[in-house]
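Reader: I have a model open and would like to talk through its sheet, its core and its chain contact. Could you show it first?

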There are 2 protein chains.
Amino acid sequence: MDSLVEYTTQETSINGVKLQPLQVIDTPQGAVLHMLRGDYALMPTFPAGFGEIYFSEVHYGEIKAWKRHQLQQQLFAVPWGLLHLVLYDPREQSPTKGQVLSLSLGRPDHYNLLSIPCGIWYGFTAQSHPGALLCNCANIPHDPHESEHIPATSPLIPYSWA
Amino acid sequence: MDSLVEYTTQETSINGVKLQPLQVIDTPQGAVLHMLRGDYALMPTFPAGFGEIYFSEVHYGEIKAWKRHQLQQQLFAVPWGLLHLVLYDPREQSPTKGQVLSLSLGRPDHYNLLSIPCGIWYGFTAQSHPGALLCNCANIPHDPHESEHIPATSPLIPYSWA
């Protein structure tokens with residue numbers, strides 16, 4: 001049932017943003033979808049014990065953007081629907097500063113784990129009806145003081161959601 | 001944003017099976033749904049580092065039953081759709097041996113965390129169209145040698161899915 005594919009990661013056009021293919025086991029009753037195991041390449045380190053798992057749904061046609069974290073690393077999978085995700089690297093010291101990365105996460109063709117380091121702006125919208133569901137296994141619990149929000153239309157980020 | 005409600009658990013009619021209410025934060029773009037944090041009452045102990053997170057979807061009208069584990073504890077939440085879940089206690093030493101517990105998990109009215117100890121038979125079906133999605137944060141990784149399956153129609157369990 002397990003596959004070596006889950007233990008390999010792919011680099012992306014933004015330094016430190018990584019993808020790992022995940023397995024989907026189809027059955028007539030409904031699929032089983034892997035997300036995270038202790039021996040996965042993208043397994044986070046939890047600096048103070050386990051962090052947090054939460055879900056974020058987005059309705060078709062709606063946008064959740066932009067957000068970035070100072071301390072919390074994101075680990076995303078999309079088990080329901082298809083998400084269009086955009087990331088932007090504003091980090092002064094990054095070799096990929098200024099890069100925009102646009103990708104799909106979800107089923108059927110993009111069921112991958114996505115790791116986002118601190119400092120990267122991200123936002124997403126649903127490509128599927130009636131929406132999509134993101135699962136995040138973050139390395140620290142939610143703390144409103146370590147995250148920033150700017151509007152989806154902010155000129156600080158060279159990407160248009162229109 | 002946090003609520004004391006998430007730190008209280010409810011006993012059920014089966015010894016050791018516990019429920020914890022979870023918070024849903026509605027927004028016009030789509031809800032944020034809590035699942036698990038390190039300080040939750042039902043936070044599992046991971047005996048050998050982190051266990052596993054996976055999803056199991058079930059299509060409307062389909063049944064996934066029956067399964068039980070010798071070593072793996074289950075921690076379920078249903079972030080999409082509504083699941084009908086049935087549990088049966090066959091444990092010889094249990095004060096609730098022979099009890100059947102039938103409950104709903106999912107949205108909008110039953111968004112709870114459910115903890116299932118080892119030895120309990122469980123099965124589920126979707127009450128919502130087109131299906132429902134279960135997330136399990138298990139305390140050990142998947143191991144086919146420690147779980148058992150019997151058919152949904154097995155006479156060993158006094159419950160009819162019809």
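Author: What follows covers the sheet, the core and the contact of the chains. This is a predicted model, in which local features need pLDDT of at least 70, side-chain atom pairs count only at pLDDT 80 or more, and totals for chains, interfaces and linings use all residues. Residues are numbered from 1 along each chain as its sequence is written, and chains are lettered from A and ligands numbered from 1 in the order in which they are written.

Reader: What is the strand order in the open sheet of 8 strands?

Author: The order is S3(A)-S4(A)-S5(B)-S12(B)-S7(B)-S10(B)-S2(B)-S1(B), with antiparallel pairing. Strands are DSSP runs (E, at least two residues), numbered from the N terminus, and two of them pair if DSSP finds at least two bridges between them.

Reader: Which strands stand at the edges?

Author: S3 (24–25) of chain A and S1 (10–11) of chain B; each has a single partner strand, so one side of each is left without a neighbour in the sheet.

Reader: And how many bridges join S5(A) to S4 of chain B?

Author: There are 5 bridges, and the two strands run antiparallel. Ser56(A) stands opposite Val32(B) there.

Reader: How many residues does the contact take from each chain?

Author: It takes 32 residues from chain A and 32 residues from chain B, contact meaning C-beta atoms, placed from the backbone, within 7 Å. On the side of chain A that touches chain B, S5(A) gives the most, with 8 residues.

Reader: What does Met35(A) touch?

Author: Leaving aside neighbours within four places in sequence, its contacts include Leu22(A), Ala77(A), Ile53(B) and Tyr54(B).

Key: Helices (H or I, at least four residues) and strands (E, at least two) are DSSP runs, numbered from the N terminus. Two residues are in contact if their C-beta atoms, placed from the backbone, lie within 7 Å.
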